[in-house]
Amino acid sequence: MEVLLGVKIGCLLALLVLTLGCGLTPIYVKWFQMDAATGHHHRVLSLLGCTSAGVFLGAGLMHMTAEALEGIESEIQKFVVQNSTGSKGNSSRDAASSYVEYPYGELVISLGFFFVFLLESLALQCCHGAAGGSTVQEEEWGGTHAFGFHKHPAVPSPSRGPLRALVLLLSLSFHSVFEGLAVGLQATVAATIQLCVAVLAHKGLVVFSVGLRLGKISTGPRWATFCILSLALMSPVGLALGLTVAGGASGQTQGLAQAVLEGIAAGTFLYVTFLEILPRELACPEAPLAKYGCVAAGFAFMALIALWA
């Protein structure tokens, strides 16, 4: 037990150090700052940004969404079986199988997606009278439609970058807490190390991409550092919670609530990925094939990590 506790404390420190290192590097290393880049340097950073967009896409689809769907289906099945055992006896398994046929996981993820859509719409309505809205919108989309299919008049809108960055950090924070919680709940040293390595492998890429995004939306270094520090603390907090409850019995609805929250976090993450990160990175018509290739490469990295994990 003491060896297992030591391994989990080591995992906690590794999660904290890796997140801070990967997140703060693109913020404080001048080579990664897009504003001062020109020529070949600018093109390399642009392609690196597209790779980070692919990392976000892979993290959202291959990790967060997949884990949320699996967790929600499993927890709903357990919940139904537990509630049906007393009254239906041997027929509880049939009742559970017919109950899970409805796509509850997809529903929860969609609720997370549309929750952020509603939140952003309300925020834009409150700021509808802000001056310079159309100018900001034109600057945000480069004056043309992101993919060049058609053009339409710009809608007065304030910049959505900071709001979507906040949503991105919140969704990643939820996911990081649950990842740390899963590591803290492992019962053996081997399982703890295996899961921690899998978390470290994809979290390093994701947090590095978050640092790039914070630099591109021109947040100050202090605010960006605070965001990375807050995100870095989430996995250790979840791991500490896992250590706290590892010896006790979990409540009947605790796992279901956790799975639902992770599904909502996955939906918010997908919203930001598809409506903020990918359109921004692909809006510039320069070297479109190279950009799409970098997005595919970032997605492939996360897909390989999911296969290995």
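## Glu75 and the salt bridge

Glu75 is buried, with a relative accessible area of 19%. That value falls in the buried class because the class takes in residues under 20% relative accessible area. The model is a predicted one, and the figures for Glu75 are computed from it.

The side chain of Glu75 meets that of Lys78 in a salt bridge, with an N to O distance of 3.9 Å. This pair counts as a salt bridge because the cut-off is within 4 Å, from a side-chain nitrogen of Lys or Arg to a carboxyl oxygen of Asp or Glu. The structure holds 1 salt bridge. Lys78 is partly exposed, at a relative accessible area of 45%, whereas Glu75 is buried. Both residues belong to helix α2 and lie 3 residues apart, which is about one turn of the helix.

## Thr65 in helix α2

Helix α2 covers residues 39-88, and Thr65 is found in it. Thr65 is buried, with a relative accessible area of 11%. From Thr65, the side chain reaches the backbone oxygen of Gly60 at a distance of 2.5 Å. The pair is within the 3.5 Å limit for a polar contact between N or O atoms.

## Helix α7

Helix α7 spans residues 189-216, a run of 28 residues. The distance from its first C-alpha to its last is 40 Å, close to the 40 Å expected at 1.5 Å a residue. Helix α7 also has a kink of about 30°, and the kink is centred on Lys203.

## Nonpolar patch and Val237

Leu229, Leu233, Val237 and Leu241 make a nonpolar surface patch of about 310 Å². One of these residues, Val237, has its place in helix α8, which covers residues 221-245. Val237 is partly exposed, with a relative accessible area of 40%. Val237 can therefore count towards a patch, since patch residues need over 30% relative accessible area.

## Overall composition

The protein chain has 10 helices and 0 strands. Read from the N terminus on, its elements run α-α-α-α-α-α-α-α-α-α. The protein chain has 309 residues, of which 39% count as buried. Glu75 and Thr65 are among the buried residues, while Lys78 and Val237 are partly exposed.

Methods
Residues numbered from 1 in each chain as written. Predicted model: local features only at pLDDT ≥ 70, side-chain atom pairs only at ≥ 80, totals over all residues. Heavy atoms only, no water. Helix = DSSP H or I, 4+ residues; strand = E, 2+ residues; numbered from the N terminus. Expected span 1.5 Å × (residues − 1). Bend = angle between axes of the 7 residues up to and from the residue. Patch = residues over 30% accessible without salt bridge, like charges linked within 9 Å, V, L, I, M, F, W, Y side chains within 5 Å. Areas by Shrake-Rupley, 256 points an atom, 1.4 Å probe, with all protein chains shown as cover. Buried < 20%, exposed > 50% of the residue type's maximum accessible area, 1.4 Å probe, protein only. Polar contact = N/O pair within 3.5 Å; in protein donor to acceptor, adjacent residues only side chain to side chain.
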